[in-house]
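Subject: A structure for you to look at

Hi there,

Here is the structure I promised to pass on to you. Please open it beside this email and follow along as you read.

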Amino acid sequence: MSSPTSRRSSCRGGGCGTRASLSDCSVRRRSSSCSYFSSGGQNEEFPVSLSQPIFTITLRFLLAIDLWLSKRLGVCACEDSPWGGIRPLVRLVEFSGHVVPWLIGTVYTLLRGGSAEEQEVMLNLALALLLDLLLVRVVKTAVKRRRPAQNRSDIFSTFFVERYSFPSGHATRAALCARFLLARLVDTASMRVLVVGWASLVSLSRLLLARQYVTDVGFGLVMGYCQYSLVERLWVTRDCLQDLLLLRLSERLNRAYSGLWMADFKH
């Protein structure tokens, strides 16, 4: 039969061991570089009161679903995520929807000197990409929604990814370019499937890498789809562009000539 002193010492030892294990666990949690279920300091609790309006309750409920689903889909957020092994491949798909390669390829094709119809299409594609950049920047600045906590900043994202999340620029660009290609350049069924699949994979990559929320990508797809309708209405033909350039050139020449004439008159 153990004495009370031995029982007290054993209890102290057990308590110390428990406190030590808890402290070790907390240190390991703090030292981990990327936690799949980490909250990242964001407050994801949405208290709901029955006294609130039904619109507010519905909005909070949908926002909670958006956060939960976005966290579950971020399986490639970092190397130790459930699907972290395919993170480089997903990042490659993500890069294919970035504005930099699209602008470089469009401008190169435009300046290469193909047919007049090809130059006209590439010119409007370049204008569509610039319009997309402008509209996405305006909406992001107005909403100012922060990116998910699981988003891991790397070298590429540090220089080329904005800090605001809504809407997804990759999703708007994917939908805009896909609809543009389907309407102007793609005419076979196999290529149509390839273009639609590419746009879907680019949008999905934003969720797998935990770059953005589900609502960001969904709204971005709708926004990019609607942007092409605006591009069609504002379509710039090659003749119209030449007339515009000649008009501006003639205006500049007239101003320069009038300036020289006034200078000679003063002398």
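Below is what I found in it, going from the whole chain down to single residues.

**The whole chain**

Please keep in mind that this is a predicted model. The protein chain has 10 helices and zero strands, so if you walk along from the N terminus, each element you come to is an α. Of its 267 residues, 31% count as buried. Look also at which residues touch: among contacts with a separation of 6 or more, 75% join residues that are 24 or more positions apart.

**Two helices side by side**

Now find helix α5 (residues 116-143) and helix α7 (residues 169-184). Their axes come within 10 Å and cross at roughly 155°. Angles over 145 degrees count as roughly antiparallel, and that is why α5 is described as roughly antiparallel to α7. The crossing of α5 past α7 is right-handed.

Which residues make this contact? On the α5 side they are V121, N124, L125, A128, L129, D132, L133, V136 and K140, and on the α7 side G169, T172, R173, L176, C177, F180 and R184. Sorted by character, the residues of the contact of α5 with α7 are nine nonpolar, three polar and four charged.

**Salt bridges**

How many salt bridges does a search of the whole structure find? There are six, and a few are worth a visit.

- D132 and R173 meet through their side chains, with N to O at 3.7 Å. Since D132 lies in helix α5 and R173 in helix α7, this pair ties together parts that are 41 residues apart in sequence. You met both residues above, in the contact of the two helices. Are they buried or exposed? Both D132 and R173 are buried.
- R145 forms a salt bridge with D216, and their closest N and O atoms are 2.9 Å apart. This pair links distant parts of the chain, because R145 sits in the loop between α5 and α6 (155-160) while D216 belongs to helix α9 (residues 214-233), 71 residues apart. R145 and D216 are both buried. The pair also belongs to a network of salt bridges that links D66, R145 and D216.
- E118 and R112 form a salt bridge through their side chains, at 3.0 Å from N to O. E118 has 27% relative accessibility, so it counts as partly exposed.

**Backbone details**

Three spots in the loops are worth a look too.

What kind of peptide bond runs from F166 to P167? That bond is cis, with omega near -5°. You will find P167 in the loop between α6 and α7.

K144 is not a glycine, although its phi is positive, at about 60°. K144 has its place in the loop between α5 and α6. With 49% relative accessibility, K144 counts as partly exposed, because the class of exposed residues begins over 50%.

A210 is not a glycine either, and here too phi is positive, at about 60°. This residue is in the loop between α8 (189-208) and α9. Is A210 buried or exposed? Its relative accessibility is 3%, so A210 counts as buried.

If you would like a place to begin, go to D132 in helix α5 and follow its salt bridge across to R173 in helix α7.

Happy exploring, and write back with any questions!

Technical notes. Residues numbered from 1 in each chain as written. Predicted model: local features only at pLDDT ≥ 70, side-chain atom pairs only at ≥ 80, totals over all residues. Heavy atoms only, no water. Axes fitted to C-alpha atoms, helices over the stretch in contact; angles between N-to-C directions. Helix = DSSP H or I, 4+ residues; strand = E, 2+ residues; numbered from the N terminus. Parallel < 35°, antiparallel > 145°, perpendicular 65-115°, else oblique. Left-handed = near helix turned anticlockwise from the far one by under 90°. Contact = heavy atoms within 4.5 Å. Nonpolar A, V, L, I, M, F, W, Y, C, P; charged D, E, K, R; others polar. Salt bridge = Lys/Arg side-chain N within 4 Å of Asp/Glu carboxyl O. Buried < 20%, exposed > 50% of the residue type's maximum accessible area, 1.4 Å probe, protein only.
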